[in-house]
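Colleague: Could you take one part of this model and go through it slowly with me, setting it in the chain as a whole and then pointing out other places that deserve a look? I am new to this, so please explain each term when you first use it.

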Amino acid sequence: MSNCAIVGINWGDEGKGRMVDLLTEKYDVVVRFQGGGNAGHTVINEKGKFALHLLPSGIFRNETINILGNGVAMDPENLWNEMSTVMEQGIELTPDNFKISDRASLLLPWHRDLDELEEMRLADKKFGSTKQGIAPFYSDKYQKKTILAGELFYPEHLLSHLADIMEWKNLTLTKVYGAKPYTIEMLKEWIDTYCAKIKPFVCDTGAVLKQAQKEGKSIMFEAQLGSLRDLDYGIHPYTTSSNTTAAYAPIGSGLPSVKIDDIVGVVKAYSTCVGEGPFVCEMFGEEAEQLRKEGFEYGAKTGRPRRVGPIDIVATRYGVEVQGATEIALTKLDVLSYMDKIPVCTKYKLDGEEIDYFPFPVALNDCEPVIEYMDGWKSDVTAIRKFEDLPVQAQEYVKYVEKAIGCPITYVSVGPERDSIIIRK
Ligand code: GDP
């Protein structure tokens, strides 16, 4: 049995969804282990184009078992809406191929309200939250003020537990933010409308995973966002509220003692970032607009234009180290085909000195990018499937990045479709 984690090396949106979709063929089980509906994976395959937020990207292969692990922000409302959409698109989801951990904490209706209310309070100091309730959810999880999915099987206990939490939460809603309180009737409706729909999929997924291990099945751990958004190792406070690193996969999936064999880090051939916070390599003006347009860099969840820049070697090297990546998938190489010269952020300049380490988050505000240029290839690479067939300038670019970040690039993606991939193994 082998297992692997697919993780983001940068700010998220690196193209993890397309890599999971490609590689799931080799895996029997796909598990999401952290995050929630705040980010989106886009998957394009023979079944269509799909925007996934909570669902694991293995749902398109009939034989794959898909699991939402205990580390996920389990939002019954968003999940049910997403399940309904993909089922309408012809994807089959049954308790056999899709399972929700009974130990996953539920994102409650007020978590989204609190996100919105807090961003309003922050006004021009806001973080650029996707307002999916993720930060309030994780803070409440660590305060033990949420409900576990398994509690849906104990209706009386569920209602009294929820009523207790509601009483506490209403104090914050009304007295801190001046918002309307929740009532038990509202919660009953939420349970009937959404929780009842997802309940058939809830089970002891830890046992399912242990059994899969015993039978020698292979498991893929699918992450959301990237190293630079990790709660502990990312750009504080512009991180997400969970650990996006492979090291968290065992805890958040339900197999706390599992050892991960391969860690595939996904890196985009240039940089993008959604939301606020330091983004040292950021491009502006027309140059940025063109890259954004060529790469279609608009948020999958929010439609917001993403901030863009050249590949950031300093941040990427750090991201590789944080993830413990054993190999790299470099995506969207085709997007750079229009450029005469390819900019690369090779170092940062801090207090007049050039540095090649990723500094403390606050110091990032004072860093400037050191940009060098490589030759462009100015030709369409989307139909190429062998590394040697790439224009020599594109080969040089890939080899340069590989050396600079210190990790082998084993996949080069040249288009969004499943087979638009060059495998270098
Ligand atoms: P994720 O959250 O890491 O899965 O990334 P997203 O799905 O938000 O962003 C990746 C986007 O790029 C999606 O729209 C993909 O279809 C697209 N994509 C992925 N790989 C490639 C590629 O090699 N070339 C092009 N042109 N698009 C790609």
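Modeller: What follows begins with the whole chain, turns to one helix, and then visits some single residues.

This is a predicted model, in which local features need pLDDT of at least 70 and side-chain atom pairs count only at pLDDT 80 or more, while totals for chains, interfaces and linings use all residues. Residues are numbered from 1 along each chain as its sequence is written, and side-chain values use heavy atoms, with hydrogens and water left out.

The protein chain has 12 helices and 17 strands (DSSP runs numbered from the N terminus, helices being H or I with at least four residues and strands E with at least two). Its C-alpha trace spans about 65 × 50 × 35 Å along the principal axes. The radius of gyration, taken over C-alpha atoms, is 22 Å, which agrees with the value near 22 Å for a compact globule of 425 residues (the globule rule is 2.2 Å times the number of residues to the power 0.38). Of the 425 residues, 59% count as buried (buried means under 20% relative accessible area, exposed over 50%, and partly exposed in between, with a 1.4 Å probe and protein chains only). Among contacts with a separation of 6 or more, 75% join residues 24 or more positions apart, where contact means heavy atoms within 4.5 Å.

The close look is at helix 4, which covers residues 134-142 and in which Ile134, Pro136, Phe137, Tyr138, Asp140 and Lys141 are buried. The cover over these buried residues includes helix 3 (109-122) and helix 5 (155-176). After helix 4 comes lysine 144, whose phi is positive, near 65 degrees.

Positive phi values also appear in two loops. Aspartate 13, although not a glycine, has a phi of about 60 degrees, and its loop runs between strand 1 (3-8) and helix 1 (16-23). Phenylalanine 296, again a residue other than glycine, has phi near 45 degrees and lies in the loop between helix 9 (285-295) and strand 11 (307-312); because its relative accessibility is 59%, phenylalanine 296 counts as exposed. Another backbone detail is the cis peptide bond from histidine 236 to proline 237, with omega near 0 degrees, and proline 237 sits in the loop between strand 8 (219-226) and helix 8 (249-253).

Valine 208 belongs to helix 7 (residues 205-214) and is partly exposed, with a relative accessible area of 23%. Its contacts, leaving aside neighbours within four places in sequence, are with Ile67, Lys99 and Cys203. Valine 208 and isoleucine 67 stand 141 residues apart in sequence, yet their C-alpha atoms are 9.3 Å apart in space.

Finally, the cysteines. A disulfide is a covalent bond between the sulfur atoms of two cysteines; here a disulfide is a pair of cysteine sulfur atoms within 2.5 Å, and by this rule the count comes to zero. Cysteine 273 is in no disulfide, since the nearest cysteine sulfur, that of cysteine 281, is 8.6 Å away, and cysteine 273 is buried, with a relative accessible area of 1%. Cysteine 345 is in no disulfide either, the nearest cysteine sulfur being that of cysteine 281, 5.6 Å away, and cysteine 345 is buried with a relative accessible area of 0%.
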